[in-house]
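The exercises below ask you to work from the enclosed space of a protein model towards individual residues, and each task is followed by a solution in steps.

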Amino acid sequence: MMFKGALFDLDGVIADTASLHFDAWRQIILKHFEVSIPDTIEEKTKGVSREDSLRVILEHLNISISDYDFMNLCEEKNKLYVKSLERLTPSNVLPGIDHFIRELKEQGIKLALASSSKNGPFILKKLGLDSFFDAIANPEDITNGKPAPDIFLAAAKSIHCGAEECIAIEDSVAGVTAINSANIFSVAVGGTELSHANKLFSSTKELTLLKVEKAWQNCKR
Ligand code: B16
Ligand code: MG
C-alpha cells in the first residue's frame, strides 16, 4: 500500500529560509542587548514558533524582559524576516524538492503544509508552489507547537487522511519529534541529530518518491 498524503515542513525542507530566521534573531538581539547568539542555539530555534524561539534565545542568554517587550521583539524580528523574504524567488526552493513534489502529485498523493510559520502561505506563493498544495494547516489554530504533534495531525486531517496514511518531512529535531508523536512516518533531511526519524536523508537532493516509498514499505508492512 502506498501512502495517500505527504505533509511538508517549510523552512529548511521546501525553502532555504531557515538561516534567514536565525539571521533576523541575531540582528534583533545584537541591536537590543549587544550580544551575539551562539551558533549552537540555531538548531533549538528550528521548527519551533516565533515565541518559543525567542524564549529559547533569552533563556540561553539569561535575559528576562516584560511581556510587552517580548511581544515587540517578536514583531520586530518578523518585520526584519519578512523584509528578507522580498528577495525570495522560485530559485530558493531547495534542490530536488520541485521534482519530488511533482512526482507525488503525479501519483495522486495529497499535499499539505505543516509549518510553524505564520508566513507559510506567503512564502509558498513567492516560490510558485502554492498550486501544488491541497491544504495549509494554520499554525495560529494550533495550541501546542512542535515538538507536539498538533500541526501534523491538523495537516493530515486537512487532506482527509489518517495519520497512518501519511508521511511527513522535516529538517528539525522538534519537527521529527512532532511527527513521531503523531504516529506519522517521519522523513528527515539533515544530519545525525535527526536520527530519531524513520528515514533520514542527508539532503533534499536525495529525496525521491521511489526511495521514500521503499522506506515506507519496509517500515510499515
Ligand atoms: P514565523 P517550519 C518554522 O518554520 C521555522 O523553522 C522557525 O525557525 C520559526 O520560528 C517558525 O517557523 C515560525 O515562523 O515567525 O514566520 O511565524 O520549519 O516549521 O516551516
Ligand atoms: Mg523546518
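**Exercise 1: The enclosed space**

The largest cavity has a volume of about 300 Å³, where a volume is the space filled by probe spheres set on grid points joined across faces, edges and corners. The model is predicted, with local features needing pLDDT of at least 70, side-chain atom pairs counting only at pLDDT 80 or more, and totals for chains, interfaces and linings using all residues. Residues are numbered from 1 along each chain as its sequence is written, and side-chain values use heavy atoms, with hydrogens and water left out.

Task: Work out which residues lie nearest the centre of the largest cavity, and which helix gives the most to its lining.

Solution. On a 1 Å grid over the protein atoms alone, a cavity is a set of points where a 1.4 Å probe fits but cannot get out, and lining residues have an atom within 4 Å of a point. The lining of the largest cavity holds 22 residues, with Asp11, His21, Thr45, Gly47 and Val48 nearest the centre. Helix 1 gives the most, with four residues, while helix 1 and helix 3 (50-61) each supply at least two; helices (H or I, at least four residues) and strands (E, at least two) are DSSP runs, numbered from the N terminus.

**Exercise 2: The annotated aspartates**

Task: Locate the residues covered by the UniProt annotation "active site" and decide whether each is buried or exposed.

Solution. In the unreviewed UniProt entry this annotation covers Asp9 and Asp11, with positions given in the numbering used here, feature names shortened, and annotations that may be inferred rather than shown by experiment. The lining of the largest cavity includes both Asp9 and Asp11.

Next, place them in the chain: Asp9 lies in the loop between strand 1 (5-8) and helix 1 (18-33), and Asp11 is found in the loop between strand 1 and helix 1.

Then apply the accessibility rule, in which buried means under 20% relative accessible area, exposed over 50%, and partly exposed in between (1.4 Å probe, protein chains only). Asp9 is buried at 3%, and Asp11 counts as buried at 13%.

**Exercise 3: Side-chain partners**

Task: Find which side chain makes a polar contact with that of Asp9, and which with that of Asp11.

Solution. A polar contact is a pair of N or O atoms within 3.5 Å; within protein, one must be able to donate a hydrogen and the other to accept it, and residues adjacent in sequence count only if both atoms are side-chain atoms. For Asp9 the partner is the side chain of Lys146, at 2.9 Å. For Asp11 the partner is the side chain of Thr17, at 2.4 Å.

Technical notes:
Chains lettered and ligands numbered in written order. 1 Å grid on protein atoms, 1.4 Å probe; cavity = no way out; pocket = protein on both sides within 12 Å on 5 of 7 lines; lining within 4 Å.
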